[in-house]
Amino acid sequence: MPRKNIALIAGGFTGEYEVSINSAQNIKANLDAAKYNVYTILVTRDRWFHESEDGKFDVDKNDFSLTLKGEKITFDFAFITVHGTPGEDGKLQGYFDMLGIPYNTCDATTSAITMNKAYTKAIVHGIHGLNTAHSIQLFKTGIHEASNVVSSLKFPLFIKPNNGGSSVGMSKVQNVAGLHDAFERAFKEDDQILVEEFIKGREFSIGVARLKGHITVLPATEIISSKDFFDYEAKYTPGVSKEITPADLSAEMNEKIANIVTEVYLRLNCKGMVRIDFIILENTDDFYFIEINTTPGQSANSLVPQQVRAMGMDVGEFYGELIEGAI
């Protein structure tokens, strides 16, 4: 059987560019070279290109092809690992839908919706056993005076970009004095922000994927951060956070979590691989949904690869099943 041509798409337009590059390197290292020809495509605002020892080669966006050494290369599959725009918010998905090229993520509609934390919370609201923190959505073009926030929510508060990942632009605020700076930081990343009440408890992250036609819930990871919350530094600086995979949870609790995240996956019409972050409220078994990530990090030490290994599955086999399931 001839090898399939895979476009491994990395980069993007946000502060998560380097995270995306690391994800792509790990995916390429694990994909079966006997089955796949993998071409890394870097996406920037100015250029889409493949880089090899012979130089940089631009993608023909008319049909998403490359010409290398006089040979035109077309792709059987696009493996999107761009965190943030344009790979997580539906833009690339819509482009590939028009070209008829299958890909590994949720479709354009689901990607766009889940990129917006407030809209996602509205959709998953009502799932049995799922709770969400009280929050309000603010727009840069609207009124966001501190007094309006204080009157409707209780401190401490999380202030975060509504469309973003890796906790870039996120702040924890203890009182009204900290709101102004937190708003400015979040609005640098997005025109919409989410102001959310702090939920105290154990923090977890769990991967969900459709493998061989079946929704598979991976083992959960518990995140114990030495910082006040799991921000960008805590996620990507070695030693700042401790990640326990699989998490120390009872069989009953694991079953409850699996039922909830499966329903989230179905209700949002997810495809491929996603990661869902949640908190178990202190002194209770109450599940509080934080967010869903439809292009979760895939560096060697990222949460989903940890969970795949904890499940006893080879990471390369996992990526291969995502490709074959979509094709």
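This report covers a four-stranded sheet, the helices packed on it, and helix H10 in a predicted model.

**The sheet**

Strands E9, E12, E10 and E11 form an open sheet, in that order. Their pairing is antiparallel. E9 (135-139) and E11 (171-173) stand at the edges. Each has a single partner strand, so one side of each is left without a neighbour in the sheet. From one strand to the next, the twist averages 25°. In general, strands of a sheet pair through backbone hydrogen bonds.

E10 (residues 157-161) pairs with E11 over three bridges, in the antiparallel sense. Ile 159 stands opposite Ser 171 in E11.

**Helices on the sheet**

Two helices contact these strands. The table gives their partners and angles.

| Helix | Residues | Strands contacted | Angle |
|---|---|---|---|
| H4 | residues 117-124 | E9, E10, E12 (192-197) | about 55° to E12 |
| H6 | residues 179-187 | E9, E10, E11, E12 | about 25° with E10 |

H4 lies across its strands. H6 packs on the sheet and touches E11 as well as E9, E10 and E12.

**Helix H10**

H10 covers residues 315-326. How far apart are its end C-alpha atoms? They are 17 Å apart. At 1.5 Å a residue, the 12 residues should span 16 Å, which agrees.

Asp 314 caps the N-terminal end of H10. One of its side-chain oxygens lies 3.0 Å from the backbone nitrogen of Gly 316. Gly 316 is itself buried. Also buried in H10 are Val 315, Phe 318, Tyr 319, Gly 320, Glu 321, Leu 322 and Ile 323.

Terms used:
Residues are numbered from 1 along each chain as its sequence is written. This is a predicted model: local features need pLDDT of at least 70, side-chain atom pairs count only at pLDDT 80 or more; totals for chains, interfaces and linings use all residues. Side-chain values use heavy atoms; hydrogens and water are left out. The expected span of a helix is 1.5 Å times one less than its number of residues. Buried means under 20% relative accessible area, exposed over 50%, partly exposed in between (1.4 Å probe, protein chains only). A polar contact is a pair of N or O atoms within 3.5 Å; within protein, one must be able to donate a hydrogen and the other to accept it, and residues adjacent in sequence count only if both atoms are side-chain atoms. Two strands pair if DSSP finds at least two bridges between them. Axes are lines fitted to C-alpha atoms, for helices over the stretch in contact, and angles run from 0 to 180 degrees between N-to-C directions. Contact means heavy atoms within 4.5 Å.
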